[in-house]
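Subject: Handover of a structure with its ligand

Dear colleague,

Please find the structure below, together with its sequence. I would be grateful if you could keep it open while reading the notes that come after it.

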Amino acid sequence: MADKKIIAVVGATGAQGGGLVRAILADRNGEFSVRALTRNPDSDKARALAAAGAELVRADLDDQASLERAFAGAYGVFALTNFWEHFSPEKELAQAGNQARAAKAAGVHHVIWSTLEDTRRWVPLGDDRLPTLQGRYKVPHFDAKGEADQIFRVLGVPTTFLLTAFYWDNLIYFGAGPQKGADGRLAISFPLGDKKLPAIAVEDIGKAAYAIFKRGDEFINRTVGIAGEHLSGQEMAAALSRALGREIVYNAVTPETYRGFGFPGADDLGNMFQFKRDFNEDYRAARSIDFSRDLNPELQSFEAWLARHKDEIPLAA
Ligand SMILES: NC(=O)c1ccc[n+]([C@@H]2O[C@H](COP(=O)([O-])OP(=O)(O)OC[C@H]3O[C@@H](n4cnc5c(N)ncnc54)[C@H](OP(=O)(O)O)[C@@H]3O)[C@@H](O)[C@H]2O)c1
């Protein structure tokens, strides 16, 4: 244990980081040990990580000094921000900057930054195809992550930029599951037309990150993207129907309709899906399934994910 290389995991009590923690702990004879960062070491989730063998360290993304302490002596850092806790791209930028500067100060050998595209490279602010949100963003929870890439680069932090994908777990936890429509049928609704959505079991993001650390310096200063499968709304609905044993249809709403759904972040997600639809080739090309499976041979398909999780998907009666 003492001679193992430490990977400090931001978001260890959450979905992405939790997958990485479990991947490291599962590899008992591996070369890495795990340090789980959390604001609250007394939470049930944090205690469960400690019980499973993780070192717990208190740190807050708003407090760079706490990150420097938490990164001290670490070989690797998994860096993450959680947009959905505050809906502020500025805060995401600040928290990404704190992680980059702390990693630099601590002399970390390899950072994996969980990032997404800055969609303004495809749709500049003056382009009205996507409405501008929060003053200077098209897809706020994407753009700030992509903008933050530059902070790691400018500081010279040895970083792998990991482009993640839509979690299938959103069908359980993020309100993306089937809803009953006016016609009484259960439907999943995405403004994707007939385009395919790269998506992934969130547990596989952590496994991919672990594989990237294990492959040494191969992916440092590179952007890599992952997905479990690329499926159309029709294909997702058909797989859901098979798994759940009841008809689920695909409702290809317009981005305008989706932005108007009214839940917090609907405008951001409406723009996100429109971006994925309108720049589908680029968005998919950045997330190769073959590459993802090469990193993680246990990569789940949607069908495999459904076999494990179908009973957790909330369904209107
Ligand atoms: N849902 C999707 O389909 C999807 C797809 C791609 C990317 N993403 C991105 O994934 C990110 C969220 O990751 P997730 O789903 O793994 O999150 P999650 O399951 O909601 O967990 C959030 C994690 O972040 C930690 N955290 C949040 N604020 C912190 C702070 N100030 N200081 C220290 N730790 C903090 C929390 O730790 P403690 O509470 O223990 O401190 C927790 O472990 C979002 O930015 C989102 O845009 C989501």
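The following paragraphs describe the ligand site, the nonpolar cores and two buried residues.

The model is predicted, so local features need pLDDT of at least 70 and side-chain atom pairs count only at pLDDT 80 or more, whereas totals for chains, interfaces and linings use all residues. Residues are numbered from 1 along each chain as its sequence is written, and side-chain values use heavy atoms, with hydrogens and water left out.

The ligand has 26 residues around it, a residue being near if one of its heavy atoms lies within 4 Å. Thr13, Thr38, Thr81, Lys145 and Asn170 come nearest. By type, this shell divides into 10 nonpolar, 11 polar and 5 charged residues (Ala, Val, Leu, Ile, Met, Phe, Trp, Tyr, Cys and Pro count as nonpolar, Asp, Glu, Lys and Arg as charged, and the others, Gly among them, as polar). At least two shell residues come from each of α1 (15-26), α4 (89-106), α5 (140-155) and β7 (166-167); helices (H or I, at least four residues) and strands (E, at least two) are DSSP runs, numbered from the N terminus.

Oxygen atoms of the ligand lie 2.7 Å from a backbone N or O atom of Thr81, 2.8 Å from a side-chain N or O atom of Lys145 and 3.5 Å from a side-chain N or O atom of Trp84. Taken alone the ligand exposes 930 Å², of which the protein buries 85% (Shrake-Rupley method, 1.4 Å probe).

A nonpolar core is a set of buried Ala, Val, Leu, Ile, Met, Phe, Trp, Tyr and Cys residues joined through side-chain atoms within 4.5 Å. The largest has 62 residues, and Leu20, Phe71, Phe152 and Leu162 have the most contacts inside it. Helix α7 (residues 202-214) gives the most to this core, with 8 residues. Apart from it lies another core of 37 residues, including Leu116 and Leu197.

Thr119 lies in the loop between β5 (110-115) and α5. Thr119 counts as buried because its relative accessibility is 0% (buried means under 20% relative accessible area, with a 1.4 Å probe and protein chains only). The side chains of Thr119 and Asp143 are joined by a polar contact of 2.7 Å (a pair of N or O atoms within 3.5 Å, one able to donate a hydrogen and the other to accept it; residues adjacent in sequence count only if both atoms are side-chain atoms).

Ser232, in strand β12 (residues 229-232), is buried because its relative accessibility is 9%.

Yours sincerely

Methods: Buried < 20%, exposed > 50% of the residue type's maximum accessible area, 1.4 Å probe, protein only.
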